[in-house]
Amino acid sequence: MLRLGAHRLRGFPLRGFPLPGSPGRPRFISGRDGKDNPPLSAETRWKDRAETVIIGGGCVGVSLAYHLAKAGMKDVVLLEKSELTAGSTWHAAGLTTYFHPGINLKKIHYDSIKLYEKLEEETGQVVGFHQPGSIRIATTPVRVDEFKYQMTRTGWHATEQYIIEPEKIQEMFPLLNMNKILAGLYNPGDGHIDPYSLTMALAAGARKYGALLKYPAPVTSLKPRSDGTWDVETPHGSMRANRIVNAAGFGKELFESDLDRIMEHVEAAMEMVPVLKKADIINIVNGPITYSPDILPMVGPHQGVRNYWVAIGFGYGIIHAGGVGKYLSDWILHGEPPFDLIELDPNRYGKWTTTQYTEAKARESYGFNNIVGYPKEERFAGRPTERVSGLYKTLESKCSMGFHAGWEQPHWFYKPGQDTQYRPSFRRTNWFEPVGSEYKQVMQKVGVIDLTPFGKFNIRGQDSIRLLDHLFANVIPKVGFTNISHMLTPKGRVYAELTVSHQSPGEFLLITGSGSELHDLRWIEEEAVKGGYNVEIKNITDELGVLGVAGPHARKVLQKLTSEDLSEDVFKFLQTKSLKVSDIPVTAIRISYTGELGWELYHRREDSAALYNVIMNAGQEEGIGDFGTYAMNALRLEKGFRAWGSEMNCDTNPLEAGLEYFVKLNKPVDFIGKQALKQIKAKGLKRRLVCLTLATDDVDPEGNESIWHEGKVVGNTTSGSYSYSIQKSLAFAYVPVELSKVGQQVEVELLGKHYPAIIIQEPLVLTEPTRNRIQKKKDGKDKI
């Protein structure tokens with residue numbers, strides 16, 4: 001029967017299918033009276049100057065024009081090479097879902113839907129918006145786990161979402177074959193909208209507020225000027241713009257239909273909804289859409305090019321358009337992103353993102369569109385890139401690698417006889433015991449970790465100290481020393497965290513996380529240009545390798561390999577020195593994210609394997625071993641170390657994140673965010689970051705889970721892990737100030753269960769420098 005249905009679909013004459021070569025777009029739009037009106041004609045005006053030029057007349061570009069103009073920006077110009085919606089917008093499915101598996105994009109979806117609900121009333125244009133709700137179906141236990149995982153990640157957001165039982169699913173959608181149904185994830189506000197009508201309504205709104213939408217007006221040339229403005233060339237003439245926003249997409253027509261390619265999915269749909277076997281196909285739409293390597297769009301300013309912004313790569317442009325238009329408009333107008341959305345940062349890609357890599361990842365991402373989304377997920381197409389450390393060949397057969405901004409980095413190591421496969425799970429899986437061994441390795445002996453993916457910048461010049469003093473909330477370290485410093489936004493949020501090493505007078509080495517490399521570099525470069533600072537900024541990320549050596553025997557092992565005195569009194573915590581390790585030049589910083597005695601060794605990338613080998617050989621007597629990023633995460637959580645992107649980001653200020661020690665409000669320089677931070681401090685905090693312990697069964701917090709108190713969601717975790725020292729789960733979480741005291745009991749939702757948790761005094765484990773200081777004081781008292 002199923003195959004008959006499939007053949008019937010294949011043989012059915014298609015009604016209403018656009019002729020090959022025709023755009024296939026609606027030629028009329030409906031007003032609120034229901035009558036067909038001709039589409040708004042293109043503007044005949046032209047401007048020589050513009051504040052913002054948007055290139056691309058799809059839904060995203062038009063949404064940005066609408067939001068900028070509505071917010072009061074004058075001289076907003078949109079240029080489209082043919083006509084509005086000429087790219088992938090017109091043939092989009094138009095699905096509008098509150099649901100998104102990520103965290104930050106839920107806000108984008110929410111803002112889009114709230115706009116679309118009011119747009120018809122505001123503009124007088126019918127948008128064809130319907131919100132029947134949606135039910136995602138679970139037919140396997142692991143999919144049920146995914147729904148529970150997503151429920152705890154949604155609980156602290158505004159979106160309505162529920163897990164419903166099979167009986168309720170059947171009541172709501174009686175056409176469904178209930179044979180395999182275990183549960184449903186129900187979003188009441190999900191729906192669909194007509195993409196063409198939506199874009200025309202946004203265009204009407206943009207014009208209403210003063211934007212110029214010019215088409216056909218292909219951009220033939222973009223020329224940056226020394227003052228940061230742009231010359232935009234078109235057949236209509238040249239236009240000077242203060243900024244460019246590239247919102248272009250595909251402009252191709254439809255492809256020939258190819259039902260055979262998707263027949264497996266059509267048949268699966270027939271099996272789930274049997275009535276479809278009797279259905280006729282009215283239309284087939286086979287058109288191009290844009291896919292980035294990780295399926296997410298690129299949104300924001302681009303590093304290395306002044307005043308050049310992008311809003312491109314949208315695989316789901318309709319649901320993203322409204323929210324992204326608002327997000328970008330707010331950022332452009334106020335000088336900082338309205339909330340954290342680093343997963344869409346265009347600077348997450350770099351020179352390592354080749355065409356070959358992009359093609360492999362786009363195919364993979366499209367194919368994985370509906371697979372189960374696990375925590376700690378890895379995808380393997382297109383890997384490795386050219387960004388491999390000098391240790392990659394040495395380590396690849398010993399560990400499970402993770403992907404970090406193009407780099408391969410060990411997550412965890414396995415020993416002979418252990419399960420080496422990638423086994424994602426919502427519960428503890430095959431890496432749990434090996435990571436525990438690595439934790440003990442660092443705590444009891446000495447371990448080595450490849451930290452090469454760190455972003456690394458060299459800054460020098462006569463204004464280098466002035467620039468960094470302006471950028472960072474901390475003081476500038478003395479020559480030969482390092483500190484932890486934070487760049488804040490004008491509103492006092494944490495834009496970035498870096499380690500700053502003052503290597504020689506006026507010359508600095510700045511280190512940031514792998515995922516923040518170009519994100520942070522763009523901010524630094526932009527501030528240097530705006531302030532007219534005489535500095536040289538160089539990205540040396542790909543030039544340097546980094547090895548971390550940590551544990552109680554770290555000094556003993558390294559001392560065998562260098563003539564430099566590494567003793568406590570001579571090479572102090574947070575000190576940095578240039579030295580040789582077995583004749584290999586390194587910049588050594590006495591710091592470790594593990595919180596144990598340790599050094600980070602910066603060296604030429606081509607020396608990594610040799611440096612690793614001499615260290616491993618020298619440490620045989622001390623029982624040296626490898627450790628990866630999973631163990632490091634467990635170690636840093638126990639020490640109370642925050643992580644950028646988790647405990648702090650553009651949604652948080654440093655005071656609520658517990659970073660007061662690194663913020664010097666009394667330093668003379670008026671650093672970025674200082675005045676805002678003073679106001680935040682004066683008003684008082686509404687929430688605080690706390691450390692929680694909880695006893696679970698086989699699941700640990702990951703971050704972004706809901707915190708409950710007296711039957712209500714009151715906060716969220718930011719990151720978590722198993723604590724191998726107390727054999728319980730450990731997590732950071734934001735809770736209201738009134739619930740932030742040590743000893744306060746709350747609950748953490750994990751996979752549908754509420755686990756009792758208690759706020760503890762942090763850190764759970766004292767850092768090695770702190771233990772040293774305490775021991776010295778104790779020894780001094782004993783002598784007295």
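## Helix on a sheet, helix on a helix

User: Helix α15 lies across a set of strands; which strand does it run at about 15° to?

Analyst: In this predicted model, helix α15 (residues 608–618) lies across β18, β24, β25, β26 (584–589), β27 (598–604) and β28. The angle of about 15° is the one α15 makes with β24.

User: Which strands are the edge strands of that open sheet?

Analyst: Six strands make up the open sheet, with mixed pairing and the order β25-β26-β27-β24-β18-β28. An edge strand pairs on one side only, and that fits β25 (576–581) and β28 (625–626).

User: What is the bridge partner of glycine 447 in β24?

Analyst: Strand β18 covers residues 447–450 and β24 covers 544–550; the two pair in the antiparallel sense over four bridges. For glycine 447, the partner in β24 is alanine 550.

User: Now the helices: why is α2 oblique to α8?

Analyst: Helix α2 (residues 59–70) packs on helix α8 (residues 317–334) with the axes 8 Å apart, at an angle of about 40°. Angles under 35 degrees would count as roughly parallel and 65 to 115 as roughly perpendicular. The α2–α8 angle is in neither range, so the term is oblique.

User: How many residues of the contact of α2 with α8 are charged?

Analyst: On the α2 side the contact includes Cys59, Val60 and Leu64, and on the α8 side Ala321, Lys326 and Leu328, among others. The contact residues divide into 10 nonpolar and six polar, and the number charged is one.

User: What pLDDT does the protein average?

Analyst: Residues 1–30 have pLDDT below 50, and so do residues 32–41. Still, 94% of the residues score at least 70, and the protein averages 93.

Technical notes:
Residues are numbered from 1 along each chain as its sequence is written. This is a predicted model: local features need pLDDT of at least 70, side-chain atom pairs count only at pLDDT 80 or more; totals for chains, interfaces and linings use all residues. Side-chain values use heavy atoms; hydrogens and water are left out. Axes are lines fitted to C-alpha atoms, for helices over the stretch in contact, and angles run from 0 to 180 degrees between N-to-C directions. Angles under 35 degrees count as roughly parallel, over 145 as roughly antiparallel, 65 to 115 as roughly perpendicular and the rest as oblique. Contact means heavy atoms within 4.5 Å. Ala, Val, Leu, Ile, Met, Phe, Trp, Tyr, Cys and Pro count as nonpolar, Asp, Glu, Lys and Arg as charged, and the others, Gly among them, as polar. pLDDT is the predictor's confidence in each residue, from 0 to 100. Two strands pair if DSSP finds at least two bridges between them.
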